[in-house]
Amino acid sequence: MSKSLFARNPSVLIFLACLALFTLGVTALSEALGTGLISTSFVKTLGKTLCLCLIAIAMDLVWGYTGILSLGHFAFFGLGGYMIGMWLMYERTRDIIVTSMANNDIPPTPQEVTDAIGNQIFGVVGSSDFPVIWAFSHSLTLQLVLVVAVPGLLALVFGWLAFRSRVTGVYLSILTQAMTLALALFLFQNDSGLRGNNGLSGLQNLPGLDAVPQATVSLWFLWASALALGLGYLFAAWVVSGKFGSVLRGIRDDEARVRFLGYSVETYKLFIFTVTAIIAGIAGALYYPQAGIINPAEIAPIASIYLAVWVAIGGRGRLYGAVIGAAFVSLVSTWFTGGQVPSIPLGFYTIDWVDWWLVLLGLSFVLVTLFAPRGIGGLFDYWTNGRPPNRHGQDLGPGAGALQEKEADA
Amino acid sequence: MRVLLAALAAILFLSPTLQAQPTTVQEVLQAHGDAIAKGSRKSIGPAIDAIAASGLPQAQTVLETWQAKDMWQRKSDGLFFSAKEVAKKTYRLTDFDTGQTVGEFDKGDLRQLKPNSGVRALIGVALVQFQLSDPDPARRLDALTAIQRDPEPSHLAPLRASIDGETDPAIKIRKQQLETLLTIRFDSDDASRIAAIETISKDISLDTRATLNTLLATTRKAAPGAVPETENIAAVLKPGTEQLSAGDAYTLLADNGLAPALITDGEQRNILSANISGGKVSGVPVASLNTQAARDRAYAALVAEGKAVPRPTAEDITAALANHSFYDAYFEPSKPVTDAAAKALKSVEIRVAFNQTLDLALDGISLASIFFLAAIGLAITFGVMGVINMAHGEFIMMGAYTGYVVQQFIPNYTVSILVALPLAFAVTFAAGVAMERLVIRHLYNRPLETLLATFGISIALQQIAKNIFGTQARPLTAPEWLDGAWVLNDVVSISFIRIAIFALALIFLGVFLFIMRRTRLGLETRAVTQNPRMAASMGINPDRVNMLTFGLGSGIAGIAGVAIGLFAKVTSELGSDYIVQSFMTVVVGGVGNIWGTLAGAAMIGFLQKGIEWMNPSNTLAAQTYMIIFIIIFIQFRPRGIIALKGRAAGD
Amino acid sequence: MSTLLEVSGVSVTFDGFRAINNLSFQIGKAEMRAIIGPNGAGKTTFMDIVTGKTRPDEGRVIWGDKSVSLLKMSEAQIARAGVGRKFQRPTVFEDQSVFDNLLLALKKDRNPFSVLFYKRGPSDTEKVHTLAEQIGLTDHLPRKSGELSHGQKQWLEIGMLLAQEPQLLLVDEPAAGMTPEEREHTTSILVEAAKTRAVVVVEHDMEFVRRLNCKVTVLHEGSVLAEGSLDHVTSNQEVIDVYLGR
């Protein structure tokens, strides 16, 4: 019965193939290297969507597989974005400052350059000194380490506190939401050191690569995002397919049983919480250079709830479900809010989708939760002829995050 | 009166022109006729004093007329009259002493006295003594307020003089208070000043504190050698300490010309830049000036050439600092007075701190009531039924909008609020029941799915509200009798709306306890909560009970919405502003217990106010710290302040 | 016979209600013991205390040759120390196959990293098959355990406990809701298990207890009322009073 990862999960290969085809397709149709059928801004949208799919996988690991409804993963996503944003902003500002100071009659001292950069970056919040947290912003390597370390450490500390006091279910959800809110409020302050509600901007410009057109940069990021998504998917599939996955699903459906089998449930939860936070951080670090700007509003609690919505609509507990959900909802959302959907005149009132899209999303979410807990991913079960066991309305376990009868695989 | 007489006597004695007691004000005016006609601020003093001190009943009228630029001099004989324009270029003159009309004169025969603003101010000061004794109490109060706003040493004597004759007790108290404050600031006798200071050391009003603070105002000074003994020293400072950094100390020296000024790096750069010649500064190539060390070398070369002044070195600075003393000196020269004032201020500050604590506690109570109101509905649905309702905040918002809509139809604010409260309850009750029937019923025992489904409803409701009412804030106006505040003293006050919300919170607590303990619904709810199957087998319809309980919780949210709308702006995001705090309240308090909710609301309310007080500039930081505190609090009491124990906790 | 578990002077109170009152109990290394008692006698709470789910207000719980206290350990640590527990209702991982359920329970390093990099060798597969044979579920190994019948789930859970290789097995009402044939099978599994380890069975059904043919402890109001053979305790007047409510 010892089969390879791919043999046990044929969906992994199918997914990777689809992802590769998609990336090649977009490249072939892009402005930079192809026919130009897809505009650069849409390439960026697609690249961002891939990042959202990656964080959706993280969410699926933590919620769909382990049963922890975290409403805080977008905070980790945002932190990853901030960490890479610091380097991008520092280096780019430095380039500009050095160029402009080259015209001075006396060449600038290093101190003068630093002061000028500080003034340029923090002028908007009425300061010119570099806060301590920017100490590493001059080094890409160190900031890349922080992309992983900062979300990971926050998740580790928060998770350790939360799990060791056995906060579970809804309580944990509310607590993670509170953490996200606290972080967002902290970042909103001007003296947080990250430019308050101005956030970090100009992130789409790669330092030292001004000559490279955005069309090409957008493709690079699309490739990087696709690569990260592919690796993330592989990693997640590997984690959930073995005995570790068994433990996670056990925790989701019946935490007490796992504990009485001798597994330290808290350690496992902490492990998966931290690992997914790191994945979220990486996804964020790839997302925000494509978005160009990051500000604290991005990590408001509502963003994390949307993340749960994507995973639920895609179908939790299956990795491709999370990807489909994130891609589908975020793209449809872009389409609707972009004003491209024709309004519906009702005679007495015209339904303008820019205004009514959120209503539609909210209600469709209620409907999915009520009537199609397997989400869009569940459609694949008709194809594979999988059918859930009839359990007379019983859930698969007593845990708050346990699968419902209708969610279970055959 | 004694003082006034003394002043009078002094003036009589000092004025050589006034040999005898004048009988008419015209005599007085004529005695100072030249000065009055000249109208110079420097020389007018004796004239005004003479008029004011003449003791004649017309003096006030004369001064007022003069100040209003209505006093004219007749060119023919130099007499002064009150004039009124009766026709173009024709003025009717009235004699000050008799009050009789003298006749009508052409403008060419008259000369208008136009006192400048300085003179008018002096007249004003002189007038104060008359206003302070004016028969009209309102004018006396105006005079007091004017003095209070801008006190001057000259006010002291007339104020003192007017106290004995004061008939209105309230005004008398105010006069005495003001007299004390003026004595402290302006009296020439230290002993009476100190005595006055001691009398106010229990008073926390803003005026008292302002007076004491003015008295204790200091200026930072530096002097060569030891601290000069002529100064009234508040504190001696050492450079390089927290009170006075070494840099600031040196700047102080430089500003006072006690040491050569510092040359900043920027100034150095400008000097270097001004001395560039042929790509070099004093022989140092410009291109190499990209380090501070290189610049220092080039600058030193400039100094050697005599083109720049040397920068003070670190040793220079240290020596300069060592050779000077730094101190804060009081503007007030008298040490006993400043000592007494400092002591009094300390005692006042203790009282102020106590009152501030009281004020903070009132603020905390009012915030706690708001959280309690917002959370009580949630406590019912979450605590009693175990249902997470993320749309709870939107029910609060619906209540607030209901209040707004009612006000569009009923213009009387009192009536409209009375209509809005039950209507908001009805609207949100219906919405709650509908939601329970359509969605939540199918998701019992699935808390996480409930959370997400109700979140879907929440964003839909929020967007619908935005589509209907727009994004701008809508006013929900409180009735007039709720405007204003209950002011205890200058420190402690609380607005009536907040008192009303506190009362409302108490009423809700009572209603909730009544429903749960005294009604059939409460009994059935408790039965269904504890054991739904047993309850069902005893003929209780759990569906109906759940529906009604959920409706009740939602309805209360609606009423809370009206209350919150009265002081917060009504927008579609009103609910989401409160939802996290509401959840925190319930979680911190302990689920399933109304007293827990109360305790949670109290804790969060007081905590938030307390943190805001410590860091008053930043409510965002206060909220951040509060949430962090709650996360840590949950570590120690995972089930809240008032926790159910044992099997009932559903372990 | 040396003592494996010694509980002495343990009391626990829930909101003023004394669920366990100065309870003392001990069991040897290869012994079968049945605990009986009316509802509310504290049988389940006793198990909760031994497995670390409930902390007693006072008393000692001493375990094994090294005489370590179980009171300071977490549930998972106690389970790793060798105490296996079966709940009243069958709790197996219904979303996973019988094979995975047993594999999860096999005595192995429980550290997350060694679990993450775990590769199943032939010996583990062999062990799982042996266990499946023992509990009579060999034919059902690839099935989702959620599809099993009630009795099969109970066996699977007992099988998972055996896979843990515990020194002490706590079994809560294993025969509830079983057909007579299934009870027969359950009895034989437990009797077999008790040959190499201590087994404590909490049971209501006297007929089932009689089949186990072991020493019986009667709990009442949180403390031990009588102890001895089934015949001995059933002839005890106090026990009769408590059971028949006179």
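**Exercise 1. A salt bridge in chain C**

Which residue forms a salt bridge with R143(C), and how far apart are the closest N and O atoms?

*Solution.* Keep in mind throughout that this is a predicted model.
- Step 1: the partner of R143(C) is E147(C), with the closest N and O atoms 3.6 Å apart.
- Step 2: the cut-off for a salt bridge is 4 Å between the side-chain nitrogen and the carboxyl oxygen, so the pair R143(C) and E147(C) counts.
- Step 3: turn to accessibility. R143(C) has a relative accessible area of 31% and is partly exposed; E147(C), at 36%, is partly exposed as well.
- Step 4: widen the view to salt bridges that share partners. One such network joins R166(A), E255(A), R259(A), E266(A), K269(A) and E75(C).

**Exercise 2. Pairs that link distant parts of a chain**

Find the salt-bridge partners of R92(B) and R85(C), place each residue in its element, and decide whether it is buried or partly exposed.

*Solution.* A general reminder helps here: side chains of opposite charge can pair when their charged atoms come close.
- Step 1: R92(B) pairs with E104(B), and their closest N and O atoms are 3.2 Å apart.
- Step 2: R92(B) sits in strand β3 (residues 90–94) of chain B and E104(B) in strand β4 (residues 101–106), so the salt bridge links parts of the chain 12 residues apart.
- Step 3: R92(B) has a relative accessible area of 34% and E104(B) one of 46%. Both values fall between the 20% and 50% limits, so both residues are classed as partly exposed.
- Step 4: R85(C) pairs with D48(C), with 2.7 Å between the closest N and O atoms.
- Step 5: in this pair, R85(C) belongs to strand β6 of chain C and D48(C) to helix α1 (residues 43–51), and the two are 37 residues apart.
- Step 6: R85(C) and D48(C) are both buried.
- Step 7: for context, the whole structure holds 45 salt bridges over all chains.

**Exercise 3. The interface of chain C and chain A**

Describe the contact between chain C and chain A by residues, area, polar pairs and elements.

*Solution.* Let's go from the totals to the details.
- Step 1: the contact involves 37 residues of chain C and 32 residues of chain A.
- Step 2: the two chains bury about 3,100 Å² between them, with 63% of that area on carbon and sulfur atoms. On the side of chain C, F93(C), D95(C) and L116(C) lose the most area to chain A, together 20% of what that side buries.
- Step 3: there are 3 salt bridges between chain C and chain A. E157(C) forms a salt bridge with R257(A), where the closest N and O atoms are 2.3 Å apart.
- Step 4: 12 residue pairs are in polar contact between these chains, both residues being at pLDDT 80 or more.
- Step 5: the elements of chain C that give two or more residues to this side are α2 (75–81), β6 (83–86), α3 (98–105), α4 (112–116) and α6 (150–163). The largest share, 5 residues, comes from α3(C).
- Step 6: sorted by class, this side of chain C has 16 nonpolar, 6 polar and 15 charged residues.

**Exercise 4. The surroundings of one leucine**

Is L161(C) buried or exposed, and which residues is it in contact with beyond its neighbours within four places in sequence?

*Solution.*
- Step 1: L161(C) lies in helix α6 of chain C.
- Step 2: its relative accessibility is 0%, under the 20% limit, so L161(C) is buried.
- Step 3: within chain C, L161(C) is in contact with G84(C), R85(C), K86(C), P166(C), L169(C) and L170(C), and from chain A with R257(A).
- Step 4: two of these names have come up before. R85(C) is the salt-bridge partner of D48(C), and R257(A) is the partner of E157(C).
- Step 5: the C-alpha atoms of L161(C) and A79(C) are 9.9 Å apart, while the two residues are 82 residues apart in sequence.

**Exercise 5. Two domains of chain B**

How many residues does each side give to the contact between domain 1 and domain 2 of chain B?

*Solution.*
- Step 1: chain B is divided into domain 1 (2–78 + 112–132), domain 2 (155–215), domain 3 (218–334) and domain 4 (353–477 + 489–644).
- Step 2: domain 1 gives 6 residues to the contact and domain 2 gives 8 residues.
- Step 3: the area buried between these two domains is about 530 Å², and carbon and sulfur atoms give 79% of it.
- Step 4: the two domains share 0 salt bridges and 1 residue pair in polar contact.
- Step 5: on the domain 1 side, α1 (2–14) and α6 (117–132) of chain B each give two or more residues, and α6(B) gives the most, with 4 residues.
- Step 6: that side has 5 nonpolar residues, 1 polar and no charged.

Conventions: Residues are numbered from 1 along each chain as its sequence is written. Chains are lettered from A and ligands numbered from 1 in the order in which they are written. This is a predicted model: local features need pLDDT of at least 70, side-chain atom pairs count only at pLDDT 80 or more; totals for chains, interfaces and linings use all residues. Side-chain values use heavy atoms; hydrogens and water are left out. Contact means heavy atoms within 4.5 Å. Buried area is the accessible area (1.4 Å probe) that two parts lose on being put together, summed over both. A polar contact is a pair of N or O atoms within 3.5 Å; within protein, one must be able to donate a hydrogen and the other to accept it, and residues adjacent in sequence count only if both atoms are side-chain atoms. Ala, Val, Leu, Ile, Met, Phe, Trp, Tyr, Cys and Pro count as nonpolar, Asp, Glu, Lys and Arg as charged, and the others, Gly among them, as polar. Domain bounds come from an automatic or database domain assignment. Buried means under 20% relative accessible area, exposed over 50%, partly exposed in between (1.4 Å probe, protein chains only).
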